[in-house]
Amino acid sequence: YEISACLVGSEMCIRDSIVGQSKQVMANLKAVLEAAGTGFDKVVKTTCFLKDVARDFGAFNEVYAEAMGDAKPARSCVGVADLPKGVLVEVEVIAAL
């Protein structure tokens with residue numbers, strides 16, 4: 001099964017910093033995964049989109065690693081020119097149910 005969530009459109013996600021936005025995105029993903037009866041431990045692939053990967057990757061990666069815990073799924077992290085609603089980060093996950 002595939003669960004794909006694009007949660008950057010949530011007004012709750014709009015915060016000033018990459019750390020704040022990253023924490024909110026990971027919290028949103030956790031809630032979506034739990035609602036589907038799964039969790040970060042069942043994630044097999046993530047795709048992370050950063051508006052400024054050179055500036056923000058380190059801070060994003062710390063939040064991501066903390067949220068994922070022991071889970072180490074395959075991951076792509078790419079820099080993009082823009083994201084919806086002007087946010088700095090978007091994360092998509094594929095998880096087993």
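Q: Which residues does Phe60 touch, once residues up to four places away in sequence are not counted?

A: In this predicted model, Phe60 touches Ile18, Ser22, Cys48, Leu50, Arg75, Val89 and Val91, with residues up to four places away in sequence left out of the list. To place Phe60 along the chain, note that helix H2 covers residues 53–68.

Q: What does the largest nonpolar core hold, and which residues have the most contacts inside it?

A: A core of this kind is read as a group of buried nonpolar residues whose side chains are joined through atoms within 4.5 Å. Here the largest such core has 19 residues, and Met26, Phe60 and Val91 are those with the most contacts inside it. Two or more residues come from each of helix H1 (18–35), E1, H2 and E3, and H1 gives the most, with five residues.

Q: How many residues does H1 have, and how does its reach compare with what is expected?

A: H1 has 18 residues, and from its first C-alpha to its last it reaches 25 Å, which is close to the 26 Å expected at 1.5 Å a residue. After H1 comes Gly37, whose phi is positive, near 80°.

Q: Which residues of H1 are buried, and what covers them?

A: The general idea is that an α-helix has 3.6 residues a turn, so residues three or four places apart point the same way. In H1, the buried residues are Ile18, Gly20, Gln21, Ser22, Gln24, Val25, Met26, Asn28, Leu29 and Leu33. E1, H2 and E3 are included in what covers the buried residues of H1.

Q: In what order do the elements of the protein chain run from the N terminus on?

A: The protein chain has two helices and three strands, and from the N terminus on these elements run α-β-α-β-β.

Q: Which strands does E1 pair with, and is each pairing parallel or antiparallel?

A: Strand E1 (residues 43–50) and strand E2 (residues 74–79) run parallel and are joined by six bridges, whereas E1 and strand E3 (residues 89–95) are paired in the antiparallel sense over seven bridges. Single bridges show how the strands line up: Lys45 has Ala74 as its bridge partner in E2, and Leu50 stands opposite Gly79 in E2 while its bridge partner in E3 is Val89.

Q: Is the crossover from E1 to E2 right-handed or left-handed?

A: The chain leaves E1, passes through helix H2 (residues 53–68) and arrives at E2, and this β-α-β crossover is right-handed.

Q: Where is Asp52, and what lies 3.1 Å from a polar atom of its side chain?

A: Asp52 sits in the loop between E1 and H2, and the backbone nitrogen of Arg55 lies 3.1 Å from a polar atom of the side chain of Asp52. Asp52 counts as partly exposed because its relative accessible area is 28%, which falls between the cut-offs of 20% and 50%. Asp52 and Val80 are 28 residues apart in sequence, yet their C-alpha atoms are 7.3 Å apart in space.

Q: Why is Thr47 called buried?

A: A residue is called buried when its relative accessible area is under 20%, and Thr47 is buried because its value is 16%. Thr47 is found in strand E1, and its side chain makes a polar contact with the side chain of Lys45 at 3.3 Å. Leaving aside neighbours within four places in sequence, Thr47 is in contact with Ser76, Glu90, Val91 and Glu92. From Thr47 to Glu90 there are 43 residues in sequence but 8.3 Å in space, C-alpha to C-alpha.

Q: What share of the residues in the protein chain is buried, and what share of its contacts joins residues 24 or more positions apart?

A: Of the 97 residues in the protein chain, 39% are buried. Among contacts with a separation of 6 or more, residues 24 or more positions apart account for 78%.

Methods. Residues numbered from 1 in each chain as written. Predicted model: local features only at pLDDT ≥ 70, side-chain atom pairs only at ≥ 80, totals over all residues. Heavy atoms only, no water. Pairing = 2+ DSSP bridges. Helix = DSSP H or I, 4+ residues; strand = E, 2+ residues; numbered from the N terminus. Right-handed = clockwise from strand over helix to strand, strands pointing away. Buried < 20%, exposed > 50% of the residue type's maximum accessible area, 1.4 Å probe, protein only. Polar contact = N/O pair within 3.5 Å; in protein donor to acceptor, adjacent residues only side chain to side chain. Contact = heavy atoms within 4.5 Å. Expected span 1.5 Å × (residues − 1).
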